[in-house]
Amino acid sequence: MATLYDIAVAAAINILTAFAFFIAFAILRIQPCNDRVYFPKWYLKGLRNSPLSSGVFVKRFVNLDFRSYLRFLNWMPAALQMPEPELIDHAGLDSAVYLRIYWTGLKIFVPIALLAFSIMVPVNWSNGTLEHSGLTYSNIDKLSISNVPTGSPRFWTHLVMAYVFSFWTCYVLKKEYEIVATMRLHFLASERRRPDQFTVIVRNVPSDPDESVLELVEHFFLVNHPDHFLGFQAVYDANKLFKLVDEKKKMHNWLDYYQLKYVRDPSKRPTLKTGYLGLLGNRVDAIDFYTSNIERLAKEISVEREVIANDTKYVMPAAFVSFKTRWAAAVCAQTQQTRNPTIWLTEWAPEPRDVYWENLAIPYVALAVRKLISGVAFFFLTFFFMIPIALVQSLANIEGIEKAVPFLKPLIETHFIKSIIQGFLPGIALKIFLIFLPSILMLMSKFEGFISRSALERRSAARFYIFQFINVFLGSIITGTAFQQLNSFIHQSANDIPKIIGTSIPMKATFFITYIMVDGWAGVSGEILRLKPMIIYHLKNFFTVKTEKDREEAMDPGSLSFNTGEPQIQLYFLLGLVYAVVTPILLPFIIVFFGLAYVVFRHQIINVYNQEYESAAAFWPDVHMRIIVALVVSQLLLMGLLSTKQAAQSTPLLIALPVLTIWFHFFCKGRYEPAFVRYPLQEAMMKDTLERVREPNLNLKGYLRDAYFHPIFKAGDDDSEMDEASEVEMVQKPELVPTKRHSRRHTPMSSIGSDAPLLNQPAPNL
């Protein structure tokens with residue numbers, strides 16, 4: 001069991017690690033050769049010039065201004081100076097609202113920590129229960145609720161503070177939900193024109209024996225949206241073409257590398273082996289090998305493009321449909337198109353950068369099956385992951401290590417080594433074990449078939465949160481071995497689970513403190529160092545960069561990883577709310593994390609990250625809901641803990657708290673969530689009216705012409721054929737298409753110029 005000394009040693013290690021990262025960052029960021037690594041966003045915006053292009057040769061690579069080394073922390077106040085409106089204009093609403101998650105954590109936990117340390121800690125510390133219990137305990141446990149004697153009237157203090165903390169958390173959440181909803185509506189009303197404002201995606205287009213998908217889509221929208229339909233872009237199954245183009249791009253990169261190598265040493269032609277990983281097979285000329293492969297791939301790409309353009313089986317039963325006004329797009333996206341709710345399904349199209357093109361080729365009917373398979377796989381992943389995590393945690397303590405390697409017992413029993421193991425090893429072991437989990441969850445989300453990157457990240461984030469809640473939180477609290485975990489859940493009734501978990505919560509506070517320091521403090525400070533992108537950039541710069549354009553492509557600004565970052569933040573919300581009443585000593589560590597992360601990520605958003613898409617903070621309802629879940633869980637676990645303490649008079653009064661919290665969630669959901677899922681027609685009409693006044697001659701067709709054209713058809717020099725062959729009615733004025741079908745089951749009226757009768761006319765005998 002970790003003591004205060006062990007926690008102090010772990011804190012010292014993590015603080016020194018974080019400080020070392022900051023020192024290294026301060027030195028590396030001011031070196032001219034690293035300018036593109038630490039300020040790529042300004043290069044992408046064209047507002048920063050490379051310091052390598054002028055000056056003395058040494059100064060191009062090394063900063064010789066020694067005064068700048070003394071101001072190694074000046075990036076912190078600089079990161080806080082940019083006002084939020086300017087930050088939104090600079091980085092987008094998604095980035096600004098993501099920072100508000102950290103700010104919300106500070107607003108919630110700083111007042112809670114002040115109250116807890118002024119009221120809860122003295123109440124817990126002033127008892128002598130643990131001293132006379134004969135149990136093994138540490139000084140940290142004396143600050144927790146475990147030090148309060150059974151049946152003590154002091155538990156009324158914990159109950160009152162539980163209500164105070166819950167009400168304060170709900171108040172902050174309501175204010176933040178209101179602020180973010182207002183920011184979203186203002187952003188949508190004031191932002192520049194975007195293709196997704198005029199476009200919906202229609203899926204599950206029904207098959208028709210008389211009309212192709214292209215004819216069917218055009219006919220349907222000309223008939224049902226005759227005054228507003230502008231045009232549409234078909235969706236193609238281009239996944240095979242995508243793989244060919246991607247393979248050709250990789251071949252080009254290797255060809256550039258070997259050509260550059262040959263230019264540097266013309267006396268020797270570079271060679272390679274054609275077998276597995278370049279270790280087996282015949283040795284051939286590298287330049288000739290990649291040149292011939294690129295020529296072969298170019299022919300295959302040309303053939304595949306021609307096949308896609310001429311074969312209707314590559315046209316998917318889906319399309320991006322554009323309208324003349326935002327109002328018309330909003331009406332179409334938010335209404336049911338036919339009496340059959342399973343066909344002609346419309347929703348807002350993601351912005352072009354947000355589209356995940358590979359999944360557009362998945363048939364809509366297959367999505368339900370994929371979702372089921374993914375859900376089952378996630379279930380087994382979550383619960384079978386308990387076993388290795390529990391085994392790792394069982395070894396991450398003194399007793400487990402001494403049993404595994406008894407010859408190390410004299411070294412382990414050394415006071416300092418023992419403190420490192422108990423205060424540092426458990427957190428780092430769990431952190432290492434979870435490294436590959438986000439990638440696995442993202443693959444599962446892609447398998448499910450989501451068509452936008454933002455939806456993929458939100459789905460992956462939700463599952464990462466569930467996984468951490470079950471394995472990291474519950475799994476760590478209940479026991480240190482997988483078999484004891486399973487035995488607790490299997491042989492205990494569901495009503496006893498809160499009691500089991502509640503009694504284990506105070507004893508696991510030290511483990512979570514070490515985890516927060518390793519994952520939060522050291523992890524966030526390591527984020528700003530950008531060691532991996534820096535190494536990759538310099539390797540590319542040395543081996544493959546030939547032009548200034550190549551150097552720009554070698555930059556990797558990255559982006560906010562919502563699928564990994566947000567669930568980690570939510571784990572800290574959960575830990576803070578659960579331990580606020582039980583073991584308040586954990587709160588300062590969480591506050592340090594939120595404060596440090598806010599400054600670091602604000603700097604990264606301003607100078608580094610380049611967001612791949614803009615969802616206008618569509619993720620905030622998920623953030624709100626998970627904090628509410630954490631709050632309800634903390635209340636239920638406190639009820640379980642107090643029930644074991646024989647606090648019969650105070651415990652029943654906690655029943656109302658989760659009920660009130662859930663009611664509050666539904667209130668916020670009804671009041672603010674519509675702003676995140678629907679677009680008000682009033683706002684759409686206002687923007688349309690203003691646009692008509694300001695730009696009466698706007699060529700909207702030209703603006704939307706290539707917006708949702710598959711990027712694989714735009715890439716390269718030999719794409720003009722596909723452009724001409726597959727672009728559907730986005731350049732010319734859409735003509736009314738006479739229907740070819742013999743039945744009228746999908747449209748309430750015929751096209752103008754068609755011989756088909758209206759529904760109120762008798763049908764001819766067939």
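Where is the place of Arg-530? In this predicted model, Arg-530 sits in the loop between α23 (509-529) and α24 (531-543). Its phi is near 50 degrees, a positive value in a residue other than glycine. Arg-530 counts as buried because its relative accessibility is 7%, below the 20% limit for that class. A second case of this kind is Ala-616, which is not a glycine yet has a positive phi of about 55 degrees. Ala-616 belongs to the loop between α27 (587-607) and α28 (620-644). With a relative accessibility of 2%, Ala-616 therefore also counts as buried.

We can turn next to the nonpolar interior. The largest nonpolar core comprises 139 residues. Tyr-102, Phe-473, Leu-575, Phe-594, Trp-620 and Leu-654 are the residues with the most contacts inside this core. For Phe-473, once neighbours within four places in sequence are set aside, the contacts are Gln-468, Phe-512, Leu-574, Leu-575, Val-578, Val-633 and Leu-637. A second core, separate from the largest one, has 23 residues, among them Leu-244, Val-245, Leu-255 and Ile-287.

The strands offer a picture of their own. Four strands form an open sheet in the order β2-β5-β1-β6, and their pairing is antiparallel. At the edges lie β2 (229-236) and β6 (345-348), each of which pairs on one side only. From one strand to the next, the twist averages 30 degrees. Strand β2 is joined by six bridges to β5 (residues 315-323), and the two strands run antiparallel. Within this pairing, Ala-234 has Ala-319 of β5 as its bridge partner. A helix also meets this sheet: α12 (residues 326-333) lies across β1 (199-203), β5 and β6. The direction of α12 is at about 130 degrees to β6.

A word on confidence rounds off the description. The average pLDDT of the chain is 80, and 79% of the residues score at least 70. Over residues 480-489, pLDDT stays under 50, and the model has 19 contacts beyond four places in sequence for this stretch. Residues 743-766 likewise have a pLDDT below 50, with 37 contacts in the model beyond near neighbours in sequence. Where pLDDT is low, predicted coordinates should not be read in detail.

How values were computed. Residues are numbered from 1 along each chain as its sequence is written. This is a predicted model: local features need pLDDT of at least 70, side-chain atom pairs count only at pLDDT 80 or more; totals for chains, interfaces and linings use all residues. Side-chain values use heavy atoms; hydrogens and water are left out. A nonpolar core is a set of buried Ala, Val, Leu, Ile, Met, Phe, Trp, Tyr and Cys residues joined through side-chain atoms within 4.5 Å. Buried means under 20% relative accessible area, exposed over 50%, partly exposed in between (1.4 Å probe, protein chains only). Contact means heavy atoms within 4.5 Å. pLDDT is the predictor's confidence in each residue, from 0 to 100. Two strands pair if DSSP finds at least two bridges between them. Axes are lines fitted to C-alpha atoms, for helices over the stretch in contact, and angles run from 0 to 180 degrees between N-to-C directions.
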